[in-house]
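Here are my notes on this one, in the order I'd go through them on screen. Have a look at the structure first, then read on.

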Amino acid sequence: MQLMAPTDMDIAGLPVGAHPEALKFPHFPTHFQAVIWRNWEMIPPDVLGRVLGAAEPTILDLAAGMGLRTPPQVSPRWRERGYVTIIRANWHLLPYAQLLELLGWSAARLADVLKEEDFLWHKLGALKPRVEPARYRPLTANEIERTRRIRDTMRRLFPNISAPDPARPFDFLDDFESVPPLRTPERPRAGLRNFDLRFLYSYSAVYGDALRDTGLNPYPDGLLARLAELGLNAVWLPLILYKMYPWPPFGDYSEGHAERLNGLRRLTERAARFGMSVIVYLNEPRCMPLSFFRGHPELKGIEHGENAALCTALPEVKYLLRDGAAWLFREAPLLGGVFTITMSENLTNCFSKDAAAEPPYTRCPRCAGRTPAEAVADVNRLIAEGAHSVKPEAPVIAWDWAWSDQWAHAAVDLLPQDVWLMCTSEWGLPTCIGGVGG
């Protein structure tokens with residue numbers, strides 16, 4: 001998909017992929033009733049009314065007609081923290097224009113979320129279905145009868161649907177506002193060895209711009225305190241270099257980097273009060289849209305769709321990786337370490353998509369004389385050199401996620417001695433999940 005600068009982005013720039021016809025929802029009398037059902041108590045009825053072209057009282061009547069609770073108990077946290085659920089629920093129901101109105105977003109924000117929030121575009125099938133806009137109109141007699149059957153079913157199965165909920169969505173977040181009385185945790189130790197490092201990701205974190213938006217705090221003090229009590233000594237969160245490091249070619253892509261760095265510093269300082277450090281996850285170098293390379297053709301590696309890789313054989317890109325890692329540790333002195341994924345759904349180098357099984361492994365003329373193992377080890381070496389130039393004791397961890405069996409051992413042999421290796425425990429093991437072998 002294409003990532004564009006915010007000022008350039010419009011709906012036409014959003015990805016569509018194969019763009020197949022959307023799934024049908026024949027169990028609802030009308031298209032617009034399916035939209036109301038799937039978004040009820042996540043989206044305010046007045047917003048649903050604007051999207052569907054109906055007055056709010058009409059939306060309430062339609063919801064009540066299907067047996068839904070009215071008035072709804074809508075938590076604003078759904079659009080703040082549960083927006084991936086909203087996107088998935090409406091992917092086959094609404095075209096982009098109505099989806100953006102539902103979320104209250106710009107096209108640029110949706111493009112960024114689809115591309116950078118844990119490969120959401122890939123999880124949605126790398127396609128946006130063709131779907132007609134959902135618009136309200138009066139129900140026909142047949143549709144009224146079918147709607148009545150839905151309401152009767154709801155009343156039979158959920159007779160207490162109008163009762164207040166014992167807990168509202170995301171109420172668990174409020175539990176982290178207070179810090180329980182805890183024993184004094186151990187301070188982080190320098191030079192960790194073996195399995196001394198015990199770290200995890202916040203199950204309540206939003207992948208969005210949490211370092212810039214303080215309302216999305218992924219690690220409130222109450223959560224840090226409880227994790228420390230359980231014996232954790234670090235937490236992690238993902239970072240994107242172009243959002244953190246003002247490398248000149250990035251230009252407007254680095255807008256807001258100073259605020260994010262301040263957010264990272266504050267997080268590392270708060271974590272340290274509980275004896276914990278912060279590990280950052282880097283999946284670099286990130287691919288950039290073809291429009292980026294119109295101004296920087298010399299940096300372009302292989303193309304994949306509407307993106308191209310930053311070629312890691314280039315001195316300029318090597319500098320980005322090395323100096324970008326050093327920048328993070330200089331700007332956030334309490335940063336605890338870094339782990340990397342070098343092969344993934346993202347196009348991160350000239351070998352990370354459609355690599356050949358034998359030489360030349362890539363279509364990139366600069367990388368044609370290299371192997372995937374050399375490229376992967378090189379990226380990890382550069383990040384380690386940058387991090388260790390500022391903080392020699394910081395763990396730099398290379399995760400072998402999606403490394404090929406054909407060259408993984410060679411990549412391990414090429415890693416510097418000061419880089420840790422983190423393996424995926426189930427690689428190569430037969431599985432049977434839900435009766436499906438793998």
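1. Start with Trp399, since it turns up again below. Its relative accessibility is 23%, so this tryptophan counts as partly exposed; buried would need under 20%. Keep in mind throughout that this is a predicted model.

2. Trp401 goes into the same class: its relative accessibility comes out at 29%, so it is partly exposed too.

3. On to the rings in general. Searching the whole structure turns up 23 aromatic pairs. In one of them, Trp91 and Tyr96, the ring centres are 5.9 Å apart and the planes meet at 75°, so this is an edge-to-face pair. Both partners, Trp91 and Tyr96, are buried.

4. Trp399 and Trp401 pair up as well. Their ring centres are 5.6 Å apart with the planes at 55°, so the pair is tilted; edge-to-face would take an angle over 60 degrees.

5. The Trp399 and Trp401 rings also belong to a wider group. Ring pairs join them into a cluster with Phe199, Tyr201, Tyr207, Trp236, Tyr281 and Phe339. Worth colouring that set when you open the model.

6. Back at Trp91 and Tyr96, what lies over the face of Trp91? That would be Lys128, at 5.0 Å from the centre of the tryptophan ring. Lys128 lies over the face of Tyr96 too, here at 5.6 Å from the ring centre. So you have an edge-to-face pair with one lysine over the face of Trp91 and of Tyr96.

7. Now the voids. How many cavities of 30 Å³ or more does the structure hold? Just one. The largest cavity contains about 50 Å³ of space.

8. Who lines the largest cavity? The residues are Lys115, Glu116, Asp118, Phe119, Tyr207, Tyr281, Asn283, Arg286 and Asn346. By type, that lining splits into four charged, three nonpolar and two polar residues. Tyr207 and Tyr281 are in the lining and are also members of the aromatic cluster.

9. Last, confidence. The average pLDDT over the chain is 92, and 95% of the residues reach at least 70. Residues 1-8 are a stretch to watch: pLDDT there is below 50, though the stretch has 26 contacts in the model beyond near neighbours in sequence. Where pLDDT is low, predicted coordinates shouldn't be read in detail.

Key:
Residues numbered from 1 in each chain as written. Predicted model: local features only at pLDDT ≥ 70, side-chain atom pairs only at ≥ 80, totals over all residues. Heavy atoms only, no water. Phe/Tyr/Trp six-rings, centres within 6.5 Å; stacked < 30°, edge-to-face > 60°. Buried < 20%, exposed > 50% of the residue type's maximum accessible area, 1.4 Å probe, protein only. Lys NZ or Arg CZ within 6 Å of the ring centre and 35° of its normal. 1 Å grid on protein atoms, 1.4 Å probe; cavity = no way out; pocket = protein on both sides within 12 Å on 5 of 7 lines; lining within 4 Å. Points joined across faces, edges and corners; volume = space filled by probe spheres on them. Nonpolar A, V, L, I, M, F, W, Y, C, P; charged D, E, K, R; others polar. pLDDT = per-residue confidence, 0-100. Contact = heavy atoms within 4.5 Å.
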